[in-house]
Amino acid sequence: MRTARLDAVAILGAAFSARVIATLAAKGVQLLTSRSCPVEFFDTEREARAWLLAQRGALRATRRPLT
């Protein structure tokens with residue numbers, strides 16, 4: 001996990017059981033690494049991409065520029 005950088009995860013068309021497992025895994029990663037990674041579920045790729053772009057914009061607005 002130290003080398004991977006996940007800032008947001010969009011999952012398409014998952015069944016209820018897969019949603020539960022993914023949510024639990026994300027919460028486990030948050031507990032172990034003290035980093036939050038929002039996980040959202042979508043029915044369409046268009047919705048997922050729009051959400052990811054919004055997440056990217058929000059992260060860019062809060063991060064310090066590289067020097």
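L24 sits in helix 1. Helices (DSSP runs of H or I, at least four residues) and strands (runs of E, at least two) are numbered from the N terminus. The model is predicted: local features need pLDDT of at least 70, side-chain atom pairs count only at pLDDT 80 or more, and totals for chains, interfaces and linings use all residues. Residues are numbered from 1 along each chain as its sequence is written, and side-chain values use heavy atoms, without hydrogens and water.

**Exercise 1. Lay out the elements of the protein and state the confidence in them.**

Step 1: count. The protein has two helices and two strands.

Step 2: order them. Along the sequence the pattern reads β-α-β-α.

Step 3: check the confidence. pLDDT is the predictor's confidence in each residue, from 0 to 100. The protein has a mean of 86, and 88% of its residues reach 70 or more. Among the elements, strand 2 (residues 39-42) has the highest mean, 93. Helix 1 (residues 16-33) has the lowest, 89.

**Exercise 2. Classify L24 by exposure, and find the surface patch that includes L24.**

Step 1: apply the cut-offs. Buried means under 20% relative accessible area, exposed over 50%, and partly exposed in between (1.4 Å probe, protein chains only). L24 has 57%, so L24 is exposed.

Step 2: find the partners. F16, V20 and L24 make a nonpolar surface patch of about 330 Å². Patch residues have over 30% relative accessible area and no salt bridge; like charges are joined within 9 Å, nonpolar side chains (Val, Leu, Ile, Met, Phe, Trp, Tyr) within 5 Å.

Step 3: turn to the whole surface. The protein exposes about 5,700 Å², with 58% of it supplied by carbon and sulfur atoms. Such areas come from the Shrake-Rupley method with a 1.4 Å probe; for residues, only the protein chains shown count as cover. Of the 67 residues, 15% are buried.

**Exercise 3. Find the aromatic pair and describe its geometry.**

Step 1: search. The whole structure yields one aromatic pair. Its members are F42 and W51.

Step 2: choose the descriptors. Two aromatic rings are described by the distance of their centres and the angle of their planes.

Step 3: read the values. The centres are 5.7 Å apart and the planes make 45°. Rings of Phe, Tyr and Trp (its six-membered ring) pair if their centres lie within 6.5 Å; planes under 30 degrees apart count as stacked, over 60 as edge-to-face and the rest as tilted. The pair of F42 and W51 is therefore tilted.

Step 4: check burial. F42 is buried at 11% relative accessibility. W51 is buried too, at 15%.

**Exercise 4. Locate the salt bridge and place its partners in their helix.**

Step 1: use the rule. A salt bridge needs a side-chain nitrogen of Lys or Arg within 4 Å of a carboxyl oxygen of Asp or Glu. One is counted.

Step 2: name the residues. R49 and E45 meet through their side chains, 2.7 Å from N to O.

Step 3: relate them to the helix. Both lie in helix 2 (residues 45-62), and because they are four residues apart, about one helical turn separates them.

Step 4: compare exposure. R49 is exposed at 54%. E45 is partly exposed at 43%.

**Exercise 5. Trace what A14, I11 and D7 touch beyond their sequence neighbours.**

Step 1: set the terms. Contact means heavy atoms within 4.5 Å. The lists below leave out residues up to four places away in sequence.

Step 2: take A14. A14 lies in the loop between strand 1 (9-12) and helix 1. A14 is buried at 17% and touches R19 and F41. From A14 to F42 is 28 residues in sequence, but 8.1 Å in space, C-alpha to C-alpha.

Step 3: take I11. I11 belongs to strand 1 and is partly exposed at 22%. I11 touches A22, V39, E40, F41 and F42. I11 and D43 are 32 residues apart in sequence and 8.6 Å apart, C-alpha to C-alpha.

Step 4: take D7. D7 is in the segment before strand 1 and is buried at 18%. Its contacts are R35, C37, P38, L59 and R63.

Step 5: widen the view. Among contacts between residues at least 6 apart in sequence, 75% join residues at least 24 apart.
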